[in-house]
Amino acid sequence: MARAKKRKPPRQRPDSWIGPWLRVHREAADVSLTSIAQTLKCEPSRVCRIESGETQFTAEELPIILAAYGVTVAAFDVRAREAAAVAA
């Protein structure tokens, strides 16, 4: 009888905190997925995938996404540094 191979869990990306962090900001501001999608000129499903970490975005898109969520680049920078310190 063949033994089943144990699969390793997928490795967590170092940027996996971004989507959930954005969702917290959107929900705190009481803004809908649809509103964010309209601002970003994309489908609400893409916003959902960004927030769940299923979809990545480019560095060029980051300031646009942060502005849509009402988050400053400085606030993002602080959170990124915190995440990097935890990962190290």
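From the N terminus on, the elements of the protein chain run α-α-α-α-α. The model is predicted. Its secondary structure comes to five helices and zero strands, so a cartoon view will show helices and the loops between them.

**The whole chain**

Start with everything selected. The protein chain has 88 residues, of which 25% count as buried. Its accessible surface comes to about 6700 Å², and carbon and sulfur atoms hold 57% of that. For a contact map, take the pairs at least 6 apart in sequence: 56% of those contacts join residues at least 24 apart.

**Helix H1 and Arg26**

Select residues 18-28, which form helix H1, and then pick out Arg26 within that helix. Is Arg26 buried or exposed? Its relative accessibility is 10%, and the cut-off for buried is under 20%, so Arg26 counts as buried. Show what surrounds this side chain next. Leaving aside residues up to four places away in sequence, Arg26 touches Val31, Ser32, Leu33, Ile36, Glu51 and Tyr69.

**H1 against H3**

Keep H1 on screen and add helix H3, residues 44-52. The axes of H1 and H3 cross at roughly 120° and come within 6 Å. On the H1 side, select Gly19, Pro20, Leu22, Arg23 and Arg26; on the H3 side, select Cys48, Ile50, Glu51 and Ser52. Coloured by class, the residues of this contact divide into four nonpolar, two polar and three charged. Arg26 is thus listed here as part of the H1 side, and Glu51 of H3 is also among the residues that Arg26 touches.

**The loop after H1**

Move to Asp30, in the loop between H1 and H2. Asp30 has a relative accessibility of 71%, and the cut-off for exposed is over 50%, so the residue counts as exposed. Check its backbone: phi of Asp30 is near 55°, a positive value in a residue other than glycine. Most residues other than glycine have a negative phi.

**H2 against H3**

Select helix H2, residues 33-40, together with H3. How do these two helices pack? The angle between them is about 105° and their axes are 8 Å apart. Because the angle falls in the range 65 to 115 degrees, H2 is roughly perpendicular to H3. To display the contact, choose Leu33, Thr34, Ile36, Ala37 and Leu40 in H2, and Pro44, Val47, Cys48 and Glu51 in H3. By class, this contact has seven nonpolar, one polar and one charged residues.

**The loop after H2**

Go on to Lys41, which lies in the loop between H2 and H3. Phi of Lys41 is near 60°, again a positive value in a residue other than glycine. With 77% relative accessibility, Lys41 counts as exposed.

**Helix H4 and Ile65**

Select residues 62-69, helix H4, and centre the view on Ile65. This residue is buried, with a relative accessible area of 2%. Which residues does Ile65 touch, not counting those up to four places away in sequence? They are Leu22, Leu40, Ile50 and Phe57. Two of the earlier selections come back at this point: Leu22 belongs to the H1 side of the contact with H3, and Leu40 belongs to the H2 side of the other contact. For a distance label, use the C-alpha atoms of Ile65 and Ile36, which are separated by 8.5 Å although the residues are 29 apart along the chain.

**Helix H5 and Ala80**

Select residues 73-87, helix H5, and find Ala80. Ala80 is partly exposed, with a relative accessible area of 24%. Draw a line from its C-alpha atom to that of Trp17: the separation is 8.8 Å, and the two residues lie 63 apart along the chain.

**The aromatic cluster**

Finish at Trp17. A search of the whole structure finds three aromatic pairs. The rings of Trp17 and Trp21 have their centres 5.7 Å apart and their planes at 70°, so this pair is edge-to-face. Both residues of the pair are buried, Trp17 as well as Trp21. Now add Phe76: ring pairs link Trp17, Trp21 and Phe76 into a cluster.

Key
Residues numbered from 1 in each chain as written. Predicted model: local features only at pLDDT ≥ 70, side-chain atom pairs only at ≥ 80, totals over all residues. Heavy atoms only, no water. Phe/Tyr/Trp six-rings, centres within 6.5 Å; stacked < 30°, edge-to-face > 60°. Buried < 20%, exposed > 50% of the residue type's maximum accessible area, 1.4 Å probe, protein only. Helix = DSSP H or I, 4+ residues; strand = E, 2+ residues; numbered from the N terminus. Contact = heavy atoms within 4.5 Å. Areas by Shrake-Rupley, 256 points an atom, 1.4 Å probe, with all protein chains shown as cover. Axes fitted to C-alpha atoms, helices over the stretch in contact; angles between N-to-C directions. Parallel < 35°, antiparallel > 145°, perpendicular 65-115°, else oblique. Nonpolar A, V, L, I, M, F, W, Y, C, P; charged D, E, K, R; others polar.
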